[in-house]
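Biologist: Before we start, I would like each label explained. Please show the value, then the cut-off, then the conclusion.

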Amino acid sequence: MESSSIFQLSFSPPKPVTQSRKSNPFYLRNCPWKQSPLRSTRRFCHKMFVPGFGEASPEAKAAQNLHSFFTYVAVKIVLAQLESYNPEGHVELMDFVQSNSLNDGDEFCANLMRVSSRHKGLALRILEVRSAYCKKDFEWDNLNKLAVKMVDDSNTRIMRDYVLETCHLEKEN
């Protein structure tokens, strides 16, 4: 993505302390190793800090959800393909989908592989379609545009509704 280069961290290691720099009071007050981590982060990083995600970033959590979603999409694609040329495979996969959760795509495919050799072939096809869809067919730029538009529209709607509610109450009083 083009915008990813904007948010790259720019960090340069501190220069070695020379005798003339040691005596400079401005340098001693602004030593990189004497700054708090929060101040240092704000100085070099232009992104928001998002608390409460532990070791994973919000992007990593979104990637996990997309990973499972790509499995769901791949299963739908494979089911549609099987419906036209392999009705028995379609029925077998439908039965498996109805009895197994698609919440964890990797677990779903691993369990599908262990049922039988025919199911193993279906699982391999799902893995292949999932990878191809993610790499070639999913419109990442469109996802970004839609997500931004949805957030902007939702924020505008919520603020407009609030203003209408508060204006209505003030008119009644």
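Modeller: Let us begin with Glu92, then. Glu92 has a relative accessible area of 22%. Residues are numbered from 1 along each chain as its sequence is written, and side-chain values use heavy atoms, with hydrogens and water left out. This is a predicted model, where local features need pLDDT of at least 70, side-chain atom pairs count only at pLDDT 80 or more, and totals for chains, interfaces and linings use all residues.

Biologist: Why is Glu92 called partly exposed?

Modeller: Buried means under 20% relative accessible area, exposed means over 50%, and partly exposed lies in between (1.4 Å probe, protein chains only). Glu92 has 22%, so Glu92 is partly exposed.

Biologist: Where is Glu92 found, and what does Glu92 touch?

Modeller: Glu92 is found in helix α5. Helices (H or I, at least four residues) and strands (E, at least two) are DSSP runs, numbered from the N terminus. Leaving out residues up to four places away in sequence, Glu92 touches Arg118, His119 and Leu122. Contact means heavy atoms within 4.5 Å. The C-alpha atoms of Glu92 and Leu122 are separated by 9.3 Å, and the two residues are 30 residues apart along the chain.

Biologist: What makes Val78 count as buried?

Modeller: Val78 has 1% relative accessibility. The cut-off is under 20%, so Val78 counts as buried. Val78 lies in helix α4. Beyond its neighbours within four places in sequence, Val78 is in contact with Leu93, Arg125, Ile126 and Val129. Val78 and Ile126 are 48 residues apart in sequence, yet 6.5 Å apart in space, C-alpha to C-alpha.

Biologist: Which residues of α6 are buried?

Modeller: Gly105, Phe108, Cys109 and Leu112. They cover an arc of only 90 degrees around the axis, so they sit on the same side of α6. The arc is that of the directions from the helix axis to the C-beta atoms. These buried residues pack against α4 (58-85), α5 (87-99) and α7.

Biologist: Why are α6 and α7 called roughly antiparallel?

Modeller: Helix α6 (residues 105-113) and helix α7 (residues 117-137) pack at an angle of about 150 degrees, with axes 7 Å apart. Axes are lines fitted to C-alpha atoms, for helices over the stretch in contact, and angles run from 0 to 180 degrees between N-to-C directions. Under 35 degrees is roughly parallel, over 145 roughly antiparallel, 65 to 115 roughly perpendicular, and the rest oblique. The angle of about 150 degrees is over 145, so α6 and α7 are roughly antiparallel.

Biologist: And what makes α4 oblique to α6?

Modeller: Their axes come within 8 Å and cross at roughly 45 degrees. That angle falls in none of the named ranges, so α4 is oblique to α6. His67, Ser68, Thr71 and Val75 in α4 meet Gly105, Asp106, Phe108 and Cys109 in α6. The residues of this contact divide into three nonpolar, four polar and one charged. Ala, Val, Leu, Ile, Met, Phe, Trp, Tyr, Cys and Pro count as nonpolar, Asp, Glu, Lys and Arg as charged, and the others, Gly among them, as polar.

Biologist: How many disulfides does the structure hold?

Modeller: Zero. A disulfide is a pair of cysteine sulfur atoms within 2.5 Å. Cys109 has 3% relative accessibility, so Cys109 counts as buried. Cys134 has 24%, so Cys134 is partly exposed.
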